[in-house]
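This report looks at how two chains meet and then at one helix and its surroundings. The structure is shown first, and the description follows it.

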There are 2 protein chains.
Amino acid sequence: MLENSTRTELSSLGEFGLIQLLTTHIKIHHASTNKGVGDDAAVLDYSGKKTVVTTDLLLEGIHFDLSYFPLKHLGYKAIMVNLSDIYAMNATPKQVTVSLGLSSKFSLEAVEEIYAGMLMACNRFEVDLVGGDTSASKQGLVISITALGIADEGDLVYRNGAKVNDLLCVSGDLGGAYMGLQLLEREKKVFLSNPEAQPDLEGKDYIIERQLKPEARRDVIATLKSLGIKPTSMIDVSDGLSSEVMHLCSQSGVGMNIFEDKIPLDPQTYDMARELDLDPTLTALSGGEDYELLFTIDQNDFEKIKNNPDVSIIGHVTEAAEGIHLISKSGNKHALKAQGWKAF
Amino acid sequence: MLENSTRTELSSLGEFGLIQLLTTHIKIHHASTNKGVGDDAAVLDYSGKKTVVTTDLLLEGIHFDLSYFPLKHLGYKAIMVNLSDIYAMNATPKQVTVSLGLSSKFSLEAVEEIYAGMLMACNRFEVDLVGGDTSASKQGLVISITALGIADEGDLVYRNGAKVNDLLCVSGDLGGAYMGLQLLEREKKVFLSNPEAQPDLEGKDYIIERQLKPEARRDVIATLKSLGIKPTSMIDVSDGLSSEVMHLCSQSGVGMNIFEDKIPLDPQTYDMARELDLDPTLTALSGGEDYELLFTIDQNDFEKIKNNPDVSIIGHVTEAAEGIHLISKSGNKHALKAQGWKAF
């Protein structure tokens, strides 16, 4: 997992030694971070803005497989997943707390890799790491992150504001992270059955990066602001388009029509799906982990956004009674089904 | 673990079904909770106060053993551990987020027990549960909680304000939670070797309760306020008196003398230690999980607090060069050693 061949046992450091080492490189970006790590709690000052809070739990064997997930990428992704939720409120992330459960298989060097990835994400997105908890674990790696952000009240976008005739938009493209995962899983199986085999990742760099190094769409939030568009509802795509559409519809009390031929797919996603005998559209509907933004806008904002290369208009909002449908390329109407994990 | 004999598999509910069921009974206490569960993030409004954030990770097999820890108590304790950190800043807890990792051995009824304990704690301490994450786990139960609180800037108490000649105080008594744990571990071993044996818990209710149902010392914070005392430094006792004293000293740049005969021990703690051939003082120094408040006050506040039954004055602050010492009952000086877990 690590190029560095030094191995320092965590048991030689103990809790306080480990925390001290890990927190050395933390850089504070915000005056609103009055006090970061090192006390019973962090102290923050948002001077009258709304505070936005989200949290995510990542567990080894459920959310990631360390046999192909580099630790630094994992740390980076763990932060991104949370920042994405803050952006999906049309808010700005400011602080994160990080809790780690570490089994004895992890050395100090391994933990430093995870932390380096987290701090890289924090520095790139100007977010302060202000606290956390570090614990032994009997069961592999546990990562729990909470992110805090701020927004002016008028800027916040919830899931419940979509209204009939709004346009449904999505940033970037979908399904890539899931295809990257399928590819990595396949190559792992090949490797396990024949350790001499070289991984066949030629021309698949994009989908692998979508899985291993997703980026929260801060840029899209900035674009919408500069275009003078405030979405009527918004959610980030963590569980797949299908689930997220259901959330917007149920919370807004509306229906939706989504047009299959408008769903943005990268050619690598499309090709990988074909290679694996999967319907490419299904990778977008059910794949998840793309961390793109799915949002509705008023029809009057159409002209402002129609030529934006980062955003696709994929459907429109209907009355709730009309239900939630995918209009296939051949023009057939299919009712969308709820997804979400069933991993239990 | 449960009296109720119904067992609903989590797999029959899926993620969204489980979340919907669990969040039904959440009650919102604060106007500052603008939006709780149900969106990408919660929205909070503290109108100009300082925000205080803390987080704790609890892992099965490390922090608790479900063979003797009732699930409802576990949920309650998980919340308390975090509220205790907020009080240790002299702040008021307002909101929590809760993430759960659940393996397939847990039924819906089991998860509802955990949640019931959490909500009981939230309701008693008037704290809003505003979000979280629920995930499958391959490795038993994972609980990650983040608590948010508020305070006026002038009220906050850090670990770094202790000054020479301040008095060192602690609330309640120490070592009980650790003795409760030792007792429960012993009875577990007895049970495993002879399932017919009845547990011998007679006259040990207090130490068991200290382990299974700790209470964050909101009352002590209120008492100090009503007495007009603002501590110069404060920390909660989660790792044992010894560790917490070291933290206050290193962050304040001072030394301390602690008097062994002033350390408050409950008779049940004392007796249990004797029964197990342990030094009773050591249970306080190294035991942990008491969630009492350890704080320093200015000497001028002595008269205000000297007769308070909830607070013991156990030592005083010295120059850093004098070091950190325990003065034994026989008058000998022993240098205190750093503790903290070594569970890796």
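In this predicted model, A:L44 stands opposite B:T51, a residue of strand β3 of chain B. The two strands concerned, β2 of chain A (residues 42-45) and β3(B), pair in the antiparallel sense over 4 bridges.

This pairing belongs to a wider meeting of the chains, in which 61 residues of chain B are in contact with 61 residues of chain A. On the side of chain B that touches chain A, the largest share, 9 residues, is supplied by strand β3 (residues 50-59) of chain B. The composition of that side of chain B is set out by residue class below.

| Class of residue, side of chain B touching chain A | Number |
|---|---|
| Nonpolar | 26 residues |
| Polar | 22 residues |
| Charged | 13 residues |

Elsewhere in chain B, helix α7 (residues 241-252) is made up of 12 residues and reaches 16 Å from its first C-alpha to its last, close to the 16 Å expected at 1.5 Å a residue. Because 10 of the 12 residues of α7(B) are buried, the helix is largely enclosed by the rest of the structure. Among these buried residues are B:L241, B:E244, B:M246, B:H247 and B:C249, as well as B:S252. The elements of chain B that cover the buried residues of α7(B) include the strands β8 (233-236), β9 (254-259), β10 (293-297) and β12 (324-327), together with helix α9 (280-286). Just after α7(B), B:G253 adopts a positive phi of about 65°.

Note on methods
Residues are numbered from 1 along each chain as its sequence is written. Chains are lettered from A and ligands numbered from 1 in the order in which they are written. This is a predicted model: local features need pLDDT of at least 70, side-chain atom pairs count only at pLDDT 80 or more; totals for chains, interfaces and linings use all residues. The expected span of a helix is 1.5 Å times one less than its number of residues. A residue is buried if 20 or more other C-beta atoms lie within 10 Å of its own, exposed if 12 or fewer, and partly exposed in between; C-beta atoms are placed from the backbone. Two residues are in contact if their C-beta atoms, placed from the backbone, lie within 7 Å. Ala, Val, Leu, Ile, Met, Phe, Trp, Tyr, Cys and Pro count as nonpolar, Asp, Glu, Lys and Arg as charged, and the others, Gly among them, as polar. Two strands pair if DSSP finds at least two bridges between them.
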